[in-house]
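The following exercises introduce a molecular structure step by step. Each task sentence is followed by a worked solution.

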Amino acid sequence: MRTRVAVFLATLMAALVVMVGLGALPAAAEGESVFGFLKNPKGKELVPVPGVEVTVKGPGGVNETATSDEQGRWTVEVNRAGTFTVTLDQDTLPKGVTLRNPDADSLKVPVAEGQDKPVLFALGKSTRQVQSKWEQAAQLTAEGLRFGLIIALAAVGLSLIFGTTGLTNFAHGELVTIGALFTWWLSTGNLPFLPDFGGLQFFPAAAIALLLCAGVGWANDAWLWRPLRRRGTGLIAAMIVSIGLGIFLRYFYLYVFTGNTRQYPDYQGQKGLSFGPIQLALPDYLSMAVAVVVLMATILALQRTRVGKATRAVADNPALAAASGIDVDRVIRVVWVGGAMLAGLAGILLGLAQGVNFQMGFQILLLIFAAVTLGGLGTAYGALVGSIVVGLFITVSTLWIPVELKNVGALGILIVILLVRPQGILGRAQRVG
Amino acid sequence: MDWTRIFANALEASIGLQAVVFALAAIGLNVHFGYTGLLNFGQSGFLAVAAYGMAVTVQTFDLSLWLGIAIGLAAAVLLALLLGIPTLRLRADYLAIVTIAAAEIIRLTVRSVTFEETFGGSDGRQSFSADFYALNPFSEGEYNIGRFGFNERQMWVLTVGWILVGLSCLVVFLLMRSPWGRVLKAIREDEDAVRSLGKNVYAYKMQSLIIGGVLGCLGGFIYGLGQNSIQPDIFGTDTTFFAYTVLILGGAARVAGPVVGAVIFWVVLSLTDNVLNEAIDAGYISSSVINNTQVGQFRFMLVGLLLMLLMIFRPQGIFGDRREIALDAR
C-alpha cells in the first residue's frame, strides 16, 4: 500500500519535473505563458489526450483558447504577469476520458514575471478512495497482523535466547537487518568486497541468506557468547557487550551498505490484491503465510522434538537440565542458530514490506522488546502473543493518533502493562524481582 | 599530515563542549549504575527534557532563560519519578528496557509534526541562550595558545560547564561517603540484605534515580547553551550508550571516573577522526577503502568495539575496582 503510494507520487513528481523542464525551453525568450500536459492514466501508463480546448482569461483582456496537441500539450502565451483563470472545456474531452474531479474544471493560477506556469488538470478515475472507518479498521488490522507476525519471528528468537542464557540481546536487531542485507546482496549480485556475479532470483537468494544467518548465529555463540559464559561474565556485563556489538555491526552495515533504502530487484511496485475491504500486495500475503507456517513449525518443534523439549528444560532450570543429562551448551548453540534464522527471516520479510536499510532491525528492536516484555520475558509463546498485540496496536491506533506517534503509543502501552501486570500476559509472577 | 593541527584539535576536544556534556551525563549514570546498580538506559531522555524545557520556555513561550532552566530541572525530577514508580520494583533488565523506551518516547514526541509548533519538529529549537551570554565576563576575541584555543562564547560556556562538573563530582563524593551513600552501595551488592535491615530500598533507589537524573540533565543544559540550538536526534539511544562507554572507560563507582573517561574518549575520537581525514586527504589511504563521510561511521564502529572490549577484558575501566561493579542481574 505504502509502496504503491510512493510509486504513484514518484511518477507524479517525475511528470511534473518533465513538464516544467520541457515548458521552460521554447518559451524562455518570449515572455510569460501558461501551459500543461493532458494525460490519461491507462493501467500503469499515461496516454496523451489531444484535441482538448483550454481557455485562459485574465487581466489585459487576455482571452485565448488553446487545443492540446499529439503529446497532450497545450500552451497559451499571455505575455504578462497576473492571475489568470484557466478553464478546461469538458465537452471537448474524448469519450471515456473525464476529469478526476469534474467540478475542478476551472483553476485560478498566479503567473509571475517571466514565468512559464505549468497547470495540471488531473484526468482519470480518482485513486484516492474514501474509506469508511470500518474499512480502514479492517485494512489496518490486516497490516497490523502482517507486522505483528514479522515482529513475532524476531521476538521468539530473542525470547528463547533470553530464556536459555539469560542474555538480553541488544544486538538482535542487527540479526534482523543482516537477513535482509544478505538477500539484497545475493539478489542483486553486488556483494561487498567480492566481484559482481549478476544476482540470483529472490527465492534462492533468500534461502542462501537464511543459511548465512544460521552461520551468523553459530558464530555469535561460538566466538563470543560461549567464551564469555566460560569466563563467567555477568548478565549485565553481557548485556552491555551486546550493546557494543550492536553499535559496531550497525555502523559496519552503514559502512558497506551506505545509508540508502533499497528494494529487492524482483519486488518493486507490486499490484494490490483485494479481499473485501482489505488490499495488500501479493508479497504481503506471502510473507504472512510464511511467517505463520514458520511460527507453527517452531512451536511444534518446541513441543514435540527432543531438542525442543530440551530447550524448554534449559529455559526452566539450566542446572537441573544439565544434571538430567541434557547437553546445555549444545541446546544453547541450537537456540542461537535457530534464533538467528528466525530473526533473519523477519528481516527478509520486513525488507519486502518497507525496503532494505542498514538500521531496519534496530528501528524495530524496541518493538521486539515491547512484544517480549508484554508476553512475559523468557516465554516463547508469550513473545508470540505479545508481538501480535504490539503489531495490531501500532497500526490500528493510527485511526486515532498521528502515524508518526504510533511507536510512542506502543512503547507507552509497554510501560502501562509493567505497572499493572509486570510479569506480562503469559509470564509467571515469580519470575520478576 | 598537519600534526600540529591534529594535536591542537585533540587538545580542544579534551576540554571541549562534548567532553563536558558527556562527563555530566556519565556522572549522573555513575550514581545510577556505578553506585546503586540501576541500569538506566534512558539517560539521553534526561538530557532531552532538560534541554527542551529550557529551549521551549524561551523560544516558544518567550519567557526568561532562568525560568526555563528551573522548568528543565523540574522536568528531569518528574521524569525520574515517572520512570521509577513502575520499574524500580522490577528486575534490572526490565528497568533497562523501560528506560530506553521512555527516552525514545520523548525523542519521538518532540520530533513529531503534531507538536511542531511547541518543539520545532526535527529542526528543534534555536537562539534561546542570549540571557546566558549577556553575563559573559570574557571580552570579545580569541583566546589562543598557539593553534589551540577558543572564542569568548566557548570560553564562557566551558568555564560554567567545568565548574558544574567540579561541583557535581563534589556532590557525588560527599553523598557517597555519607551513610546514605553506603546504603546505596549496599543495595548494589545485595538488595535483600538491605531490606532485611529495615531500609526502604524502593525509596533509596528512587532518590538515586532523581539525583543521577538531575546531575545528568545538566549536560543537556550545557549542550543547549553551547550550541545555542538543539535537535531531537541528538538525544537518541546512541547518546546514552556513548555515556556508558565514557563511564566504563573511566571506571564506574569512582568519583573521577566519568570525567577521566569523557576526556580520554573525546581525545581518542578526535585523534582517529583527524588522523584518518588527513591521511585520506594526503592520499595515504585509498578513498576506495574509506572516504571522508565514512570516517564518521568508523568512529561509531570504534565506540562499539571499545565498549565490547572494555566490558569483556576490563569492566572496571581505568580507575575502577572490579569488585565494585554491578555485573550480575538480580
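**Exercise 1: A strand and its partners**

In this predicted model, β4(A) and β5(A) pair in the antiparallel sense over six bridges. Describe the connection between β4(A) and β5(A), and then place both strands in their sheet.

Solution.
1. The connection is a hairpin, with three residues between β4(A) and β5(A). In its turn, A:Gly60 has a positive phi of about 75°.
2. Within β5(A), A:Asn63 is the bridge partner of A:Lys57.
3. β4 (residues 53-58) of chain A also pairs with strand β7 (residues 82-88) of chain A, in the antiparallel sense and over four bridges. Here A:Val54 has A:Leu88 in β7(A) as its bridge partner.
4. The open sheet of chain A therefore has four strands in the order β5-β4-β7-β8, with antiparallel pairing, and β5 (62-67) and β8 (106-111) stand at its edges, so one side of each is left without a neighbour in the sheet.
5. On average, neighbouring strands of this sheet are turned by 25° against each other, direction ignored.

**Exercise 2: The two faces of a strand**

Which residues of β4(A) form its covered face, and which its uncovered one?

Solution.
1. In a regular strand, side chains alternate between the two faces of the sheet.
2. The covered face of β4(A) consists of A:Val54, A:Val56 and A:Gly58.
3. The uncovered face of β4(A) consists of A:Glu53, A:Thr55 and A:Lys57.

**Exercise 3: The side of chain B that touches chain A**

How many residues of chain B are in contact with chain A, and which helix gives the most?

Solution.
1. The contact involves 41 residues of chain B and 37 residues of chain A.
2. On the chain B side, α4 (65-87), α5 (92-110), α12 (237-250) and α14 (292-313) each supply at least two residues.
3. The helix that gives the most is α5(B), with 13 residues.
4. By kind, this side of chain B divides into 28 nonpolar, seven polar and six charged residues.

**Exercise 4: A loop residue**

Is B:Asn291 buried or exposed?

Solution.
1. B:Asn291 lies in the loop between α13 (257-282) and α14 of chain B.
2. A residue counts as exposed if 12 or fewer other C-beta atoms lie within 10 Å of its own.
3. B:Asn291 has 12 C-beta neighbours inside 10 Å, so B:Asn291 counts as exposed.

**Exercise 5: Confidence in chain A**

Where in chain A is the pLDDT below 50 over residues near the start of the numbering?

Solution.
1. Chain A averages a pLDDT of 82, and 88% of the residues score at least 70.
2. Over residues 1-9 of chain A the pLDDT is below 50.
3. Where pLDDT is low, the predicted coordinates should not be read in detail.

How values were computed:
Residues are numbered from 1 along each chain as its sequence is written. Chains are lettered from A and ligands numbered from 1 in the order in which they are written. This is a predicted model: local features need pLDDT of at least 70, side-chain atom pairs count only at pLDDT 80 or more; totals for chains, interfaces and linings use all residues. Two residues are in contact if their C-beta atoms, placed from the backbone, lie within 7 Å. Ala, Val, Leu, Ile, Met, Phe, Trp, Tyr, Cys and Pro count as nonpolar, Asp, Glu, Lys and Arg as charged, and the others, Gly among them, as polar. Two strands pair if DSSP finds at least two bridges between them. Axes are lines fitted to C-alpha atoms, for helices over the stretch in contact, and angles run from 0 to 180 degrees between N-to-C directions. A residue is buried if 20 or more other C-beta atoms lie within 10 Å of its own, exposed if 12 or fewer, and partly exposed in between; C-beta atoms are placed from the backbone. pLDDT is the predictor's confidence in each residue, from 0 to 100.
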